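Subject: A structure for you to explore

Hi there,

Here is the structure I promised to pass on to you. Please open it beside this email and follow along as you read.

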Amino acid sequence: MEKKIIFIQPDLVEIQWPNQINDSILEEQLLWKAYLQANYQASVYEIRLGYHVLSVLFSKPIDNIEFESILSRLKKLKKENVVNQVKTWSIPVCYEIEFAKDLELFANIKNLSIEKVIQLHTTSFYRLHFYGFLPGFMYLGGLTEELYQPRKSSPDPLIKAGSVAIGGQQTGIYPTDSPGGWYVIGKTPLRIFDINQTCPVVPQQGDFIQFFDISKTEYLRIENEVQLGNYNWSHA
Amino acid sequence: MKYNLETIIGHMLKTTAYIHFLKPGLMTSVQDQGRFGYADFGVPYAGAMDQLSYNQANMLLNNQEDAAVLEMAVLGPMMIFELPTRIVFSGAEADIFVNDQLQPIGKLIQIKADDQVKIGRFRKGQWLYMGIEGGIQSPEFLDSKSWYHGISEFSRVQKDSSICYLSEEHFSRSHYSHPKLSADWYQKEVIPAYKGPDWELLTIELQEKLTQQKFSISNISNRMGIHLTELLTNKLPSILTAPVYPGTVQLTPSGKLIVLMRDAQVTGGYPRILQLTDHSINVIAQKKFGENLIFSIIENDKII
């Protein structure tokens with residue numbers, strides 16, 4: 001795939017893929033990221049991903065020639081060489097009305113039944129591209145087109161942590177209480193961002209997410225387990 | 001084993017003490033260099049808005065370079081110190097009263113038990129720092145003491161808050177004589193910046209406007225970002241969500257320029273048209289509502 005290289009400041013370089021959201025871009029980004037982290041530990045300070053961007057912050061200024069040599073190595077990498085460690089995480093979501101303040105409105109706008117919205121939302125596998133917006137907020141690809149819905153024109157002042165929502169062509173989970181312009185269609189009892197863990201998030205870049213429908217009773221049972229520290233995230 | 005007598009005495013006399021806030025001020029928080037290595041999880045850097053003044057405060061006290069300080073803005077706090085220590089102020093030129101006596105920034109101030117410190121009017125600059133001997137002893141979250149909503153226990157100092165420090169009767173001597181700190185370095189209008197990764201989306205006309213027109217700081221200015229008042233009318237497309245950093249200047253569809261600051265999220269969806277230098281971030285941080293600035297492009301024309 002064609003890439004554009006942009007030197008932003010002496011120690012910051014951005015690599016841009018074509019302007020698309022797709023799995024093959026993500027897989028190449030992850031391959032490159034892993035290679036840079038493993039082989040340039042001393043000079044690479046931080047790597048960030050966007051949907052079609054990988055930016056590299058170096059610990060000191062980098063010149064053309066140095067970067068060109070890094071780039072030529074990256075371009076030779078083969079996807080087949082990567083060990084596939086991608087996981088699929090099952091995340092419980094309660095779509096009952098008290099946890100889903102915008103579900104009815106959303107179904108009406110989309111001219112779908114509530115059941116159909118839940119069915120569509122729980123059928124897809126969503127790919128975690130990166131975290132952004134808030135600590136622990138997942139940028140997920142893979143929302144079915146039938147559920148695309150532009151965000152609200154004025155954001156709600158408070159969306160509760162754990163709320164599962166749809167905005168634009170994306171779905172996601174609010175990890176902390178926050179203002180937000182997305183339609184809240186459900187809520188997960190899981191702690192999406194846990195400051196007390198060494199790694200505060202569970203799913204990693206490149207993993208898949210699937211939502212499954214739970215009742216209020218199950219929600220309360222899982223919430224209790226989470227609070228006691230007894231809940232284990234399940235994955236395939 | 002060889003013991004250094006001074007170190008032993010110093011250690012023995014260190015006592016846990018608290019600063020009690022009678023008035024919290026408006027934007028008072030604990031900050032340090034920032035929180036690095038967690039951008040993968042969507043965690044912003046945070047850290048002192050003006051890193052230059054932050055460093056000065058710790059240098060003057062002979063603190064470790066990553067010691068935590070108190071950051072204040074707009075409306076300062078009123079506080080009482082339990083036990084003796086030394087403090088120093090840097091950054092904004094504000095009316096600093098220690099027991100009703102006016103003190104300048106940059107001066108090492110000896111604090112006795114029950115001394116009261118009150119911050120009055122901010123005359124020049126936006127962010128004031130109070131360094132304290134040994135640094136503020138608040139808990140670390142993800143390797144940093146910087147306060148940030150959702151990461152640290154608190155995000156702002158509240159009324160009746162207390163923060164911890166180590167009182168020391170025996171002070172190590174500072175290597176620095178008393179320099180005079182001033183606001184001169186951030187009074188200049190020119191803000192050097194690199195072209196942002198989406199610079200090429202701007203028409204030649206907009207590129208010229210951006211670098212020739214004067215902009216001013218609007219009334220929306222906080223730890224996340226500074227909105228500029230003058231609009232840059234544009235027809236730029238929105239971009240796919242992409243990495244942003246402190247110092248990234250975003251252009252919104254409505255023409256608003258937003259200079260992202262230390263608490264900025266790690267990714268954004270608006271075109272990123274400029275990237276401020278490290279020093280420019282400190283300078284713009286200190287600019288107040290209504291103050292002017294003009295961007296000056298630094299070429300970084302490396303091409304592959």
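How many salt bridges does the structure hold over all chains? There are 24. Please keep in mind that this is a predicted model, and everything below is computed from it.

**Charged pairs**

Side chains of opposite charge can pair when their charged atoms come close. A good one to look up is the salt bridge between R127(A) and E27(A), where the closest N and O atoms are 2.9 Å apart. R127(A) sits in strand β6 (residues 126-131) of chain A, while E27(A) belongs to helix α1 (residues 23-39) of chain A, so this pair ties together parts that are 100 residues apart in sequence. Is each partner buried or exposed? R127(A) has 4% relative accessibility and therefore counts as buried. E27(A), at 34% relative accessibility, counts as partly exposed.

Next, try K152(A) and D156(A), whose side chains meet in a salt bridge of 2.7 Å from N to O. Both K152(A) and D156(A) are buried. Salt bridges with shared partners also join K152(A) and D156(A) with K101(A) and D102(A) in one network.

In chain B, you can find a salt bridge between the side chains of K145(B) and E140(B), at 3.7 Å from N to O. K145(B) counts as buried because its relative accessibility is 19%, and the cut-off for buried is under 20%.

**Domains**

Chain A is assigned domain 1 (4-81) and domain 2 (88-235). Their C-alpha centres lie 30 Å apart, and the contact takes 10 residues from domain 1 of chain A and 10 residues from domain 2 of chain A.

Chain B is divided into domain 1 (5-182) and domain 2 (188-303). The C-alpha centres of these chain B domains lie 30 Å apart. Here the contact takes 26 residues from domain 1 of chain B and 17 residues from domain 2 of chain B.

**Nonpolar cores**

In soluble globular proteins, nonpolar side chains tend to be buried together. In this model, the largest nonpolar core has 71 residues, and L70(B), F81(B), F89(B), L128(B) and L210(B) have the most contacts inside it. Strand β8 (residues 116-132) of chain B gives the most to this core, with 8 residues. Domain 1 (5-182) and domain 2 (188-303) of chain B each supply at least three residues to this core.

F81(B) is a nice residue to zoom in on: leaving out residues up to four places away in sequence, F81(B) touches several others, including Y18(B), I87(B), V117(B), M130(B) and Y165(B). Apart from the largest core lies another core, of 45 residues, among them Y126(A), I192(A), F41(B) and A46(B).

**Two loops to compare**

Which residues form a nonpolar patch on the surface? They are L26(B), V74(B) and L75(B), with about 270 Å² of accessible area together. V74(B) lies in the loop between β3 (69-73) and β4 (78-81) of chain B, and at 43% relative accessibility V74(B) counts as partly exposed.

D263(B) lies in the loop between β15 (257-260) and β16 (267-268) of chain B. With 8% relative accessibility, D263(B) counts as buried. Setting aside neighbours within four places in sequence, D263(B) is in contact with P44(B), A46(B), Y148(B), R223(B) and M224(B).

Enjoy exploring!

Best wishes

Terms used:
Residues numbered from 1 in each chain as written. Chains lettered and ligands numbered in written order. Predicted model: local features only at pLDDT ≥ 70, side-chain atom pairs only at ≥ 80, totals over all residues. Heavy atoms only, no water. Core = buried A, V, L, I, M, F, W, Y, C linked by side-chain atoms within 4.5 Å. Buried < 20%, exposed > 50% of the residue type's maximum accessible area, 1.4 Å probe, protein only. Helix = DSSP H or I, 4+ residues; strand = E, 2+ residues; numbered from the N terminus. Domains from an automatic or database assignment. Contact = heavy atoms within 4.5 Å. Patch = residues over 30% accessible without salt bridge, like charges linked within 9 Å, V, L, I, M, F, W, Y side chains within 5 Å. Areas by Shrake-Rupley, 256 points an atom, 1.4 Å probe, with all protein chains shown as cover. Salt bridge = Lys/Arg side-chain N within 4 Å of Asp/Glu carboxyl O.
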